[in-house]
Amino acid sequence: QVQVVESGGGLVQPGGSLRLSCAASGSISSIYGMGWYRQTPGKQRELVASLSSGGVTNYAESVKGRFTISRDNAKNSVYLQMNSLKPEDTAVYYCNADCVSLGFGRSTYWGQGTQVTVSS
């Protein structure tokens, strides 16, 4: 199977920056895409940014110009650089990996989430 682990969350003041990291490991044959989502209590999980294996990026309108997603294919990792953070960015951030696992076929795997809190 595949494991997805996020790190890098924490408390930051408005206007500050954080960098989230995510690594996928296990019996991975290939990864089609990886991405970041976020969720706040009582709301649906929403896309923040995604990056396909071909390098195509997709960002939520609310983070364009402030967040940057990048990927290290050799490490099966994806990163989210978050700048100019706002209180409304406060959420649990989840990473996912759309990949083919040996013996299990293609599926989407999720991490456990990392809390990002933007507050003074």
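**Strand 9, its contacts and the surrounding core**

Valine 92 is found in strand 9 of this predicted model. At a relative accessibility of 22%, valine 92 counts as partly exposed, because the buried class requires a value under 20%. Apart from residues up to four places away in sequence, valine 92 touches Tyr37, Arg38 and Gln39, together with Gly113, Thr114 and Gln115. Valine 92 and leucine 102 are ten residues apart in sequence, and their C-alpha atoms lie 30 Å apart in space.

Strand 9 also takes part in the nonpolar interior. In soluble globular proteins, nonpolar side chains tend to be buried together. The largest nonpolar core of the model has 31 residues, and the members that touch the most other members are Trp36, Leu80, Met82 and Tyr93. Two or more residues are given to this core by each of strand 1 (2-7), strand 3 (18-26), strand 4, strand 5 (46-52), strand 7, strand 8, strand 9 and strand 11 (114-118). Among these elements, strand 9 gives the most, with five residues. For leucine 80, when neighbours within four places in sequence are left aside, the contacts comprise Leu18, Arg19, Leu20, Trp36, Val48, Ala49, Phe67, Thr68, Ile69 and Tyr93; two of the residues in this list, Trp36 and Tyr93, are themselves named with Leu80 as touching the most other core members.

The structure holds one disulfide, which joins cysteine 22 to cysteine 95 with an S to S distance of 2.0 Å. The torsion about this S-S bond is about -80°, and the disulfide is therefore left-handed. The bond links distant parts of the chain, since cysteine 22 belongs to strand 3 and cysteine 95 to strand 9, 73 residues apart. Both partners are buried: the relative accessible area is 2% for cysteine 22 and 0% for cysteine 95. Cysteine 99, by contrast, is in no disulfide, and the nearest cysteine sulfur, which belongs to cysteine 95, is 10 Å away. That separation excludes a bond by the criterion applied, because a disulfide requires sulfur atoms within 2.5 Å. Cysteine 99 is nevertheless buried, with a relative accessible area of 0%.

Charged side chains were examined next. Side chains of opposite charge can pair when their charged atoms come close. The count comes to five salt bridges, and a network of such bridges links Arg38, Glu46, Arg66 and Asp89. Within this network, the side chains of arginine 38 and glutamate 46 meet at an N to O distance of 2.8 Å. The two residues of this pair fall into separate accessibility classes, because arginine 38, at 7% relative accessibility, counts as buried, whereas glutamate 46, with a relative accessible area of 38%, is partly exposed. Arginine 38 also forms a salt bridge with aspartate 89, the closest N and O atoms being 3.0 Å apart. This second pair links distant parts of the chain, with arginine 38 in strand 4 (residues 28-39) and aspartate 89 in the loop between strand 8 (77-82) and strand 9 (91-101), 51 residues apart. Aspartate 89 is buried, as is arginine 38. A further salt bridge is formed between arginine 106 and aspartate 98, with a distance of 2.7 Å between the closest N and O atoms. Arginine 106 is exposed, because its relative accessible area of 52% is over the 50% cut-off.

Two loop residues were also noted for their backbone geometry. Most residues other than glycine have a negative phi. Asparagine 76 departs from this pattern, with a positive phi near 50°, and is placed in the loop between strand 7 (67-72) and strand 8. At 25% relative accessibility, asparagine 76 counts as partly exposed. Serine 84 likewise has a positive phi of about 50° although it is not a glycine, and its place is in the loop between strand 8 and strand 9. Serine 84 counts as partly exposed as well, at 41% relative accessibility.

Conventions
Residues numbered from 1 in each chain as written. Predicted model: local features only at pLDDT ≥ 70, side-chain atom pairs only at ≥ 80, totals over all residues. Heavy atoms only, no water. Salt bridge = Lys/Arg side-chain N within 4 Å of Asp/Glu carboxyl O. Buried < 20%, exposed > 50% of the residue type's maximum accessible area, 1.4 Å probe, protein only. Helix = DSSP H or I, 4+ residues; strand = E, 2+ residues; numbered from the N terminus. Core = buried A, V, L, I, M, F, W, Y, C linked by side-chain atoms within 4.5 Å. Contact = heavy atoms within 4.5 Å.
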